[in-house]
Amino acid sequence: MNRFKHLYIYMLSDKVDYSSILTYLTSMINCNVEGRGEDALYRGLDRHCIAEMYASCRIKDIFKDINSNNYTTHVSEDDVEYELSILNGAPSKPIVYDGFRLQYLYSNMIDANESSLDNVHVIITDRLLATYNEEDMRYHLNTIVLGYPSIVSIDGIVEAPAKPKAFYTLYYYHISQGRKISMDEVKSIFKDEILEHDDPRLTDAAKGYIMQALFYNMLNDVPFCDDKRCMLYNAHWQDEVIEAQIRHGRLCSKHREMLDEFNKKYASS
Ligand SMILES: [Zn+2]
(Lines give C-alpha, C1' and ligand atoms only; values in the text may rest on other atoms or scores of the structure.)
Protein backbone atom coordinates (compact mmCIF):
# COMPACT_ATOMS: atom_id res chain seq x y z
CA MET A 1 0.00 0.00 0.00
CA ASN A 2 1.41 3.36 -1.03
CA ARG A 3 1.53 6.15 1.46
CA PHE A 4 1.09 9.81 0.69
CA LYS A 5 1.08 12.94 2.77
CA HIS A 6 -0.66 15.52 0.62
CA LEU A 7 -3.82 15.52 -1.42
CA TYR A 8 -4.23 18.49 -3.73
CA ILE A 9 -7.63 19.17 -5.26
CA TYR A 10 -7.57 21.57 -8.23
CA MET A 11 -10.97 23.25 -8.34
CA LEU A 12 -11.57 23.97 -12.04
CA SER A 13 -15.32 23.23 -12.07
CA ASP A 14 -17.84 25.56 -10.49
CA LYS A 15 -20.65 22.98 -10.31
CA VAL A 16 -19.74 21.43 -6.96
CA ASP A 17 -19.43 22.61 -3.37
CA TYR A 18 -15.72 22.45 -2.53
CA SER A 19 -16.05 23.24 1.16
CA SER A 20 -18.27 20.16 1.51
CA ILE A 21 -15.81 18.07 -0.53
CA LEU A 22 -12.72 19.23 1.40
CA THR A 23 -14.43 18.73 4.77
CA TYR A 24 -15.44 15.23 3.72
CA LEU A 25 -11.95 14.29 2.48
CA THR A 26 -10.33 15.66 5.64
CA SER A 27 -12.67 13.50 7.73
CA MET A 28 -11.87 10.39 5.67
CA ILE A 29 -8.16 10.42 5.03
CA ASN A 30 -5.20 10.99 7.26
CA CYS A 31 -3.25 13.41 5.11
CA ASN A 32 -3.03 17.10 4.38
CA VAL A 33 -5.96 18.01 2.09
CA GLU A 34 -5.62 21.25 0.15
CA GLY A 35 -8.03 22.86 -2.33
CA ARG A 36 -6.40 24.93 -5.05
CA GLY A 37 -7.55 27.30 -7.76
CA GLU A 38 -6.53 27.11 -11.41
CA ASP A 39 -3.52 29.40 -10.83
CA ALA A 40 -1.81 26.61 -8.86
CA LEU A 41 -2.04 24.45 -11.97
CA TYR A 42 -1.41 26.97 -14.72
CA ARG A 43 1.34 28.68 -12.63
CA GLY A 44 1.78 31.80 -14.68
CA LEU A 45 1.77 30.05 -18.05
CA ASP A 46 0.80 32.26 -20.92
CA ARG A 47 -2.99 32.06 -21.54
CA HIS A 48 -2.43 31.49 -25.23
CA CYS A 49 -0.23 28.45 -24.46
CA ILE A 50 -2.88 27.02 -22.16
CA ALA A 51 -5.55 27.56 -24.82
CA GLU A 52 -3.33 25.81 -27.39
CA MET A 53 -2.85 22.93 -24.99
CA TYR A 54 -6.60 22.40 -24.61
CA ALA A 55 -7.17 22.83 -28.35
CA SER A 56 -4.57 20.12 -29.04
CA CYS A 57 -6.58 17.64 -26.91
CA ARG A 58 -9.86 18.03 -28.80
CA ILE A 59 -11.37 14.94 -30.34
CA LYS A 60 -12.66 15.70 -33.83
CA ASP A 61 -13.59 12.19 -34.87
CA ILE A 62 -14.65 9.60 -32.28
CA PHE A 63 -13.18 6.81 -34.44
CA LYS A 64 -9.67 8.30 -34.65
CA ASP A 65 -7.26 7.98 -31.75
CA ILE A 66 -5.44 11.32 -31.54
CA ASN A 67 -2.53 9.61 -29.73
CA SER A 68 -1.83 7.11 -32.51
CA ASN A 69 1.37 7.55 -34.53
CA ASN A 70 -0.42 8.15 -37.82
CA TYR A 71 -2.65 10.93 -36.49
CA THR A 72 -1.56 14.46 -37.23
CA THR A 73 -2.79 16.97 -34.67
CA HIS A 74 -4.07 20.11 -36.25
CA VAL A 75 -4.71 23.06 -33.94
CA SER A 76 -6.69 25.79 -35.66
CA GLU A 77 -6.58 29.40 -34.56
CA ASP A 78 -10.40 29.29 -34.20
CA ASP A 79 -10.09 26.48 -31.69
CA VAL A 80 -7.44 28.41 -29.74
CA GLU A 81 -9.63 31.52 -29.72
CA TYR A 82 -12.54 29.47 -28.44
CA GLU A 83 -10.39 27.96 -25.67
CA LEU A 84 -9.19 31.42 -24.70
CA SER A 85 -12.81 32.54 -24.32
CA ILE A 86 -13.49 29.53 -22.06
CA LEU A 87 -10.45 30.39 -19.93
CA ASN A 88 -11.87 33.89 -19.64
CA GLY A 89 -15.17 32.56 -18.31
CA ALA A 90 -17.40 32.24 -21.39
CA PRO A 91 -19.94 29.39 -21.31
CA SER A 92 -18.61 26.25 -22.93
CA LYS A 93 -20.03 24.05 -25.67
CA PRO A 94 -20.01 20.28 -25.27
CA ILE A 95 -16.52 19.68 -26.64
CA VAL A 96 -14.80 16.40 -25.87
CA TYR A 97 -11.10 16.15 -24.99
CA ASP A 98 -8.73 13.19 -25.04
CA GLY A 99 -8.37 12.26 -21.35
CA PHE A 100 -4.91 10.69 -21.63
CA ARG A 101 -3.40 13.53 -23.62
CA LEU A 102 -4.85 16.09 -21.22
CA GLN A 103 -3.54 14.06 -18.28
CA TYR A 104 -0.04 14.03 -19.81
CA LEU A 105 -0.13 17.80 -20.34
CA TYR A 106 -1.43 18.40 -16.81
CA SER A 107 1.33 16.16 -15.40
CA ASN A 108 3.92 18.49 -16.96
CA MET A 109 2.24 21.48 -15.30
CA ILE A 110 2.55 20.11 -11.78
CA ASP A 111 5.29 21.75 -9.75
CA ALA A 112 8.39 19.50 -9.86
CA ASN A 113 8.78 19.88 -6.08
CA GLU A 114 5.39 18.22 -5.66
CA SER A 115 5.82 15.51 -8.28
CA SER A 116 6.64 12.72 -5.87
CA LEU A 117 4.63 9.78 -4.58
CA ASP A 118 4.07 11.73 -1.36
CA ASN A 119 1.56 13.83 -3.25
CA VAL A 120 -1.76 13.00 -4.85
CA HIS A 121 -3.11 15.47 -7.40
CA VAL A 122 -6.76 15.40 -8.47
CA ILE A 123 -8.15 17.85 -11.01
CA ILE A 124 -11.89 18.57 -10.98
CA THR A 125 -13.05 19.89 -14.32
CA ASP A 126 -16.21 20.61 -16.30
CA ARG A 127 -14.57 19.52 -19.53
CA LEU A 128 -15.88 16.34 -21.11
CA LEU A 129 -13.20 13.67 -21.37
CA ALA A 130 -13.04 10.52 -23.45
CA THR A 131 -10.50 7.76 -23.92
CA TYR A 132 -10.00 5.59 -26.98
CA ASN A 133 -10.87 1.92 -26.66
CA GLU A 134 -8.79 -0.38 -28.89
CA GLU A 135 -11.42 -3.13 -28.76
CA ASP A 136 -14.26 -1.30 -30.47
CA MET A 137 -11.92 1.29 -31.98
CA ARG A 138 -13.74 4.38 -30.79
CA TYR A 139 -13.74 6.93 -28.00
CA HIS A 140 -15.93 6.58 -24.91
CA LEU A 141 -16.79 9.34 -22.46
CA ASN A 142 -15.28 9.09 -18.97
CA THR A 143 -16.30 10.17 -15.50
CA ILE A 144 -12.71 9.86 -14.30
CA VAL A 145 -9.28 9.36 -15.83
CA LEU A 146 -7.09 7.68 -13.22
CA GLY A 147 -3.37 8.34 -13.09
CA TYR A 148 -0.97 11.15 -12.34
CA PRO A 149 -2.86 13.40 -11.97
CA SER A 150 -6.32 11.87 -11.83
CA ILE A 151 -9.00 13.95 -13.54
CA VAL A 152 -12.65 13.91 -12.43
CA SER A 153 -15.07 15.30 -15.03
CA ILE A 154 -18.21 16.75 -13.46
CA ASP A 155 -19.92 17.02 -16.86
CA GLY A 156 -18.74 13.46 -17.46
CA ILE A 157 -20.65 12.28 -14.37
CA VAL A 158 -23.80 13.66 -16.05
CA GLU A 159 -23.05 12.58 -19.62
CA ALA A 160 -20.86 9.44 -19.53
CA PRO A 161 -22.97 6.87 -17.63
CA ALA A 162 -26.04 5.88 -19.66
CA LYS A 163 -29.49 6.84 -18.45
CA PRO A 164 -31.73 3.95 -17.29
CA LYS A 165 -33.01 1.74 -20.14
CA ALA A 166 -36.59 2.64 -19.19
CA PHE A 167 -35.72 6.29 -19.87
CA TYR A 168 -34.98 5.59 -23.53
CA THR A 169 -37.85 3.07 -23.81
CA LEU A 170 -40.37 5.67 -22.63
CA TYR A 171 -38.94 8.37 -24.85
CA TYR A 172 -38.92 6.24 -28.00
CA TYR A 173 -42.30 4.69 -27.18
CA HIS A 174 -43.90 8.15 -27.27
CA ILE A 175 -42.07 9.01 -30.47
CA SER A 176 -43.16 5.71 -32.10
CA GLN A 177 -46.78 6.41 -31.12
CA GLY A 178 -46.54 9.81 -32.77
CA ARG A 179 -46.93 11.58 -29.41
CA LYS A 180 -44.88 14.59 -28.56
CA ILE A 181 -42.72 14.29 -25.49
CA SER A 182 -39.67 16.42 -24.84
CA MET A 183 -36.42 15.17 -23.35
CA ASP A 184 -37.07 17.51 -20.40
CA GLU A 185 -40.43 15.84 -19.68
CA VAL A 186 -38.80 12.41 -19.68
CA LYS A 187 -35.99 13.73 -17.46
CA SER A 188 -38.54 15.05 -14.95
CA ILE A 189 -40.15 11.59 -14.74
CA PHE A 190 -36.77 10.00 -14.04
CA LYS A 191 -35.32 12.78 -11.89
CA ASP A 192 -34.47 10.40 -9.01
CA GLU A 193 -32.52 8.12 -11.32
CA ILE A 194 -30.54 10.57 -13.42
CA LEU A 195 -28.20 13.48 -12.74
CA GLU A 196 -28.41 16.89 -14.41
CA HIS A 197 -25.79 19.62 -14.91
CA ASP A 198 -27.22 21.84 -12.16
CA ASP A 199 -27.83 18.94 -9.79
CA PRO A 200 -26.65 19.61 -6.20
CA ARG A 201 -26.08 15.85 -5.81
CA LEU A 202 -23.04 16.19 -8.10
CA THR A 203 -21.06 17.26 -5.02
CA ASP A 204 -21.63 13.87 -3.37
CA ALA A 205 -20.94 12.07 -6.62
CA ALA A 206 -17.63 13.98 -6.95
CA LYS A 207 -16.60 12.83 -3.44
CA GLY A 208 -16.92 9.20 -4.56
CA TYR A 209 -14.86 9.74 -7.69
CA ILE A 210 -12.13 11.50 -5.70
CA MET A 211 -12.09 8.47 -3.38
CA GLN A 212 -11.51 6.31 -6.47
CA ALA A 213 -8.50 8.51 -7.33
CA LEU A 214 -7.21 8.20 -3.76
CA PHE A 215 -7.47 4.42 -3.79
CA TYR A 216 -5.75 4.35 -7.17
CA ASN A 217 -2.75 6.09 -5.59
CA MET A 218 -2.95 3.98 -2.47
CA LEU A 219 -3.10 0.64 -4.30
CA ASN A 220 -1.13 1.64 -7.38
CA ASP A 221 -3.80 -0.17 -9.34
CA VAL A 222 -7.32 0.23 -10.69
CA PRO A 223 -9.40 0.41 -7.50
CA PHE A 224 -12.83 -0.67 -8.76
CA CYS A 225 -15.06 -2.73 -6.46
CA ASP A 226 -17.71 -5.33 -7.34
CA ASP A 227 -20.07 -4.11 -4.63
CA LYS A 228 -22.67 -1.89 -6.33
CA ARG A 229 -23.12 0.08 -3.10
CA CYS A 230 -19.40 0.87 -2.68
CA MET A 231 -18.03 4.26 -3.75
CA LEU A 232 -15.40 2.39 -5.74
CA TYR A 233 -17.98 0.70 -7.97
CA ASN A 234 -17.30 1.42 -11.64
CA ALA A 235 -20.79 2.59 -12.66
CA HIS A 236 -21.84 2.51 -16.31
CA TRP A 237 -25.43 3.64 -15.68
CA GLN A 238 -26.64 6.80 -14.02
CA ASP A 239 -28.83 4.92 -11.55
CA GLU A 240 -25.70 2.99 -10.53
CA VAL A 241 -23.85 6.26 -9.88
CA ILE A 242 -26.76 7.45 -7.72
CA GLU A 243 -26.91 4.11 -5.89
CA ALA A 244 -23.17 3.96 -5.14
CA GLN A 245 -22.32 7.63 -4.60
CA ILE A 246 -25.51 9.24 -3.32
CA ARG A 247 -27.94 6.71 -1.79
CA HIS A 248 -25.14 4.86 -0.04
CA GLY A 249 -22.15 7.18 -0.42
CA ARG A 250 -19.89 4.87 1.56
CA LEU A 251 -17.08 2.40 1.12
CA CYS A 252 -17.84 -1.31 1.45
CA SER A 253 -16.44 -2.98 4.56
CA LYS A 254 -13.38 -4.34 2.70
CA HIS A 255 -12.38 -0.91 1.39
CA ARG A 256 -13.27 0.80 4.67
CA GLU A 257 -10.81 -1.56 6.40
CA MET A 258 -8.14 -0.71 3.83
CA LEU A 259 -8.65 2.98 4.48
CA ASP A 260 -8.54 2.43 8.27
CA GLU A 261 -5.26 0.55 7.83
CA PHE A 262 -3.83 3.39 5.74
CA ASN A 263 -4.92 5.99 8.31
CA LYS A 264 -3.46 3.96 11.19
CA LYS A 265 -0.12 3.39 9.44
CA TYR A 266 0.19 7.05 8.61
CA ALA A 267 -0.72 8.15 12.14
CA SER A 268 1.85 5.86 13.78
CA SER A 269 4.86 6.89 11.66
ZN1 LIG B 1 -15.56 -1.70 -2.09
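This passage describes two sheets, a nonpolar core, a helix pair and one glycine in a predicted model. Local features were taken at pLDDT of at least 70 and side-chain atom pairs at pLDDT 80 or more, while totals for chains, interfaces and linings use all residues. Residues are numbered from 1 along each chain as its sequence is written.

Helices (H or I, at least four residues) and strands (E, at least two) are DSSP runs, numbered from the N terminus. Strands count as paired if DSSP finds at least two bridges between them. An open sheet of five strands follows the order E2-E1-E4-E8-E7. Its pairing is mixed. Strand E2 (32-36) and strand E7 (144-145) form the edges, and each pairs on one side only. Strand E1 (residues 6-11) and strand E4 (residues 119-125) run parallel and are joined by six bridges. Leu-7 has Val-120 of E4 as its bridge partner. Helix H5 packs on this sheet and touches E4, E7 and strand E8 (150-153). The direction of H5 makes about 125 degrees with that of E8. Such angles run from 0 to 180 degrees between N-to-C directions, and axes are lines fitted to C-alpha atoms, for helices over the stretch in contact.

A second open sheet has three strands in the order E3-E5-E6, again with mixed pairing. Strand E3 (96-98) and strand E6 (138-142) each have a single partner strand, so one side of each is left without a neighbour in the sheet. The twist averages 45 degrees from one strand to the next. E3 pairs with strand E5 (residues 128-133) in the parallel sense, over three bridges. Within E5, Ala-130 is the bridge partner of Asp-98. Helix H5 (residues 99-109) lies across E3, E5 and E6, at about 65 degrees to E3.

The largest nonpolar core holds 63 residues. A nonpolar core is a set of buried Ala, Val, Leu, Ile, Met, Phe, Trp, Tyr and Cys residues joined through C-beta atoms within 7 Å. A residue is buried with 20 or more other C-beta atoms within 10 Å of its own, exposed with 12 or fewer, and partly exposed in between; C-beta atoms are placed from the backbone. Leu-7, Ile-124, Val-152, Ala-206, Ile-210, Ala-213 and Leu-214 touch the most other members. Helix H9 gives the most to this core, with 11 residues. Beyond its neighbours within four places in sequence, Ile-210 is in contact (C-beta atoms within 7 Å) with Ile-21, Leu-25, Val-122 and Val-152.

Buried residues of helix H10 are Gln-238, Asp-239, Val-241, Ile-242, Ala-244 and Gln-245. They pack against helix H6 (154-159) and helix H9 (202-219). The axes of H9 and H10 are 8 Å apart, at an angle of about 85 degrees. The two helices are therefore roughly perpendicular (65 to 115 degrees; under 35 is roughly parallel, over 145 roughly antiparallel, the rest oblique). H9 contributes Asp-204, Ala-205 and Gly-208 to the contact, and H10 contributes Val-241, Ala-244, Gln-245 and Ile-246.

Gly-249 lies in the loop between helix H10 (238-248) and helix H11 (253-268). Its phi is positive, about 55 degrees. Gly-249 has 18 other C-beta atoms within 10 Å and is partly exposed. Apart from neighbours within four places in sequence, Gly-249 is in contact with Asp-204, Gly-208 and Met-231. The C-alpha atoms of Gly-249 and Ile-21 are separated by 13 Å, with the two residues 228 apart along the chain.

Methods: Contact = placed C-beta atoms within 7 Å.
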